[in-house]
Amino acid sequence: MHSSEPLIASLTSVQARIAQAARQAQRDPQSVHLLAVSKRQSAQAIRALYQASCQVSAQPIIAFGENYVQEALAKQAELQDLPLEWHFIGPIQSNKTREIAQHFTWVHSVDRLKVLKGLAQAARTHAKSLQICLQVNISAEASKSGCAPEEVATLVEAAQAYQDVLCLRGLMCIPAPSTDREIQAQAFARLANLQHQLQQAYSHWPWDTLSMGMSSDLEAAILQGSTWVRIGTALFGARDA
Ligand SMILES: *Cc1c(COP(=O)(O)O)cnc(C)c1O
């Protein structure tokens, strides 16, 4: 059993960064949720972060984000005694939609019709509902996942048929990496604008979620309205390659 001090320090530091950015944006810090990204971290590391969060806060960290289905299922099996909420945030192969629908509460990375349908059909089979974000390739990078901004409306139209099992909560993006705050802000603002248009056009969905901001750009994301920051490195330290 190793010391929980480094985890408590990184957790406290991330929470302080979130609170400060929220204050700067004149937003309630409670409106920004922290998703702990645990890809390539052990089940033991997840348990340690959960326990550290119980020590420092009345609201423990229960939301964990995973990118790889098999890796996530193995860890979920080891952590069944904890009240965790699992978010899928990685690229989705269409043959994995069944397992994702069965084992996750949120899916942040829906970017095409086949995946949307696969998740909906599997959710019906398991009689559960899924919280969905549509991933948008906001920086128009050739090699990246996410649909083009122009394709979002088609996905939303298709989702109408699955309102019994899918809840469209919002949009997610991973902008092209940049250390320039202004460039970071522009990408996040584009996603927020797109969400605003969807709120007008499809007002029967909640559209209360912007999943944007990671360890290096969470401040810029919160200033542009992020409601879920997805943080790996700043909580757990560097991942093994
Ligand atoms: C790995 C990952 C993160 C976390 O990135 P860090 O820079 O380690 O905070 C967030 N979102 C997605 C989709 C990821 O794959």
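For these entries I call a residue buried when its relative accessible area is under 20% and exposed when it is over 50%. The model I am reading is predicted.

**Entry 1: Trp207**

I started with Trp207, in the loop between H7 and strand S7 (209-211). Is Trp207 buried or exposed? Its relative accessibility is 2%, so I put Trp207 down as buried. I then looked up its backbone: phi is near 45 degrees, a positive value in a residue other than glycine. That caught my eye because most residues other than glycine have a negative phi.

**Entry 2: Gln26**

I found a positive phi at Gln26 too, near 55 degrees, and this residue is again not a glycine. Gln26 sits in the loop that links helix H1 (5-24) to strand S1 (33-37). With a relative accessible area of 78%, Gln26 is exposed, whereas Trp207 is buried.

**Entry 3: Glu66 and its partner**

Next I went to strand S2 (residues 63-66), where I found Glu66. Glu66 has 0% relative accessibility and therefore counts as buried. Which side chain does Glu66 meet in a polar contact of 2.9 Å? I traced it to the side chain of Lys75. Leaving out neighbours within four places in sequence, I listed the contacts of Glu66; among them are Ser38, Lys39, Ile46, Trp86, Phe88 and Phe104.

**Entry 4: helix H3**

Lys75 led me to helix H3 (residues 69-78), whose buried residues are Val69, Ala72, Leu73, Lys75 and Gln76. Looking down the axis of H3, I see these residues fall within an arc of 165 degrees, so they line one face of the helix. What do they pack against? I noted helix H2 (43-56), S2, strand S3 (85-88) and helix H4 (97-103). S2 is also where I had found Glu66.

**Entry 5: helix H6**

I repeated the lookup for helix H6 (residues 152-159), and its buried residues are Val152, Leu155, Val156, Ala158 and Ala159. Their arc around the axis is only 160 degrees, which puts them on the same side of H6. As packing partners I wrote down helix H5 (113-125), strand S5 (130-135), strand S6 (166-172) and helix H7 (181-201). H7 is familiar from my first entry, as the loop holding Trp207 runs between H7 and S7.

**Entry 6: the ligand**

Then I turned to the ligand, which has 13 residues around it. Which of them come nearest? They are Lys39, Asn67, Ser215, Gly232 and Thr233. I sorted the shell by type and got six nonpolar, four polar and three charged residues.

For polar approaches to ligand oxygen, I kept this short table:

| Residue | Distance from its polar side-chain atom to a ligand oxygen |
|---|---|
| Lys39 | 2.6 Å |
| Asn67 | 2.7 Å |
| Arg239 | 2.9 Å |

The ligand on its own has 390 Å² of accessible area, and the protein covers 89% of it. I also recognised Lys39 from my list of Glu66 contacts.

**Entry 7: Asp240**

My last stop was Asp240, in the segment after helix H9 (233-236). Asp240 counts as exposed because its relative accessibility is 59%. How far apart in space are Asp240 and Arg40? I get 7.0 Å from C-alpha to C-alpha, although 200 residues separate them in sequence.

Terms used: Residues numbered from 1 in each chain as written. Predicted model: local features only at pLDDT ≥ 70, side-chain atom pairs only at ≥ 80, totals over all residues. Heavy atoms only, no water. Buried < 20%, exposed > 50% of the residue type's maximum accessible area, 1.4 Å probe, protein only. Helix = DSSP H or I, 4+ residues; strand = E, 2+ residues; numbered from the N terminus. Arc of directions from axis to C-beta. Contact = heavy atoms within 4.5 Å. Polar contact = N/O pair within 3.5 Å; in protein donor to acceptor, adjacent residues only side chain to side chain. Near = heavy atom within 4 Å. Areas by Shrake-Rupley, 256 points an atom, 1.4 Å probe, with all protein chains shown as cover. Nonpolar A, V, L, I, M, F, W, Y, C, P; charged D, E, K, R; others polar.
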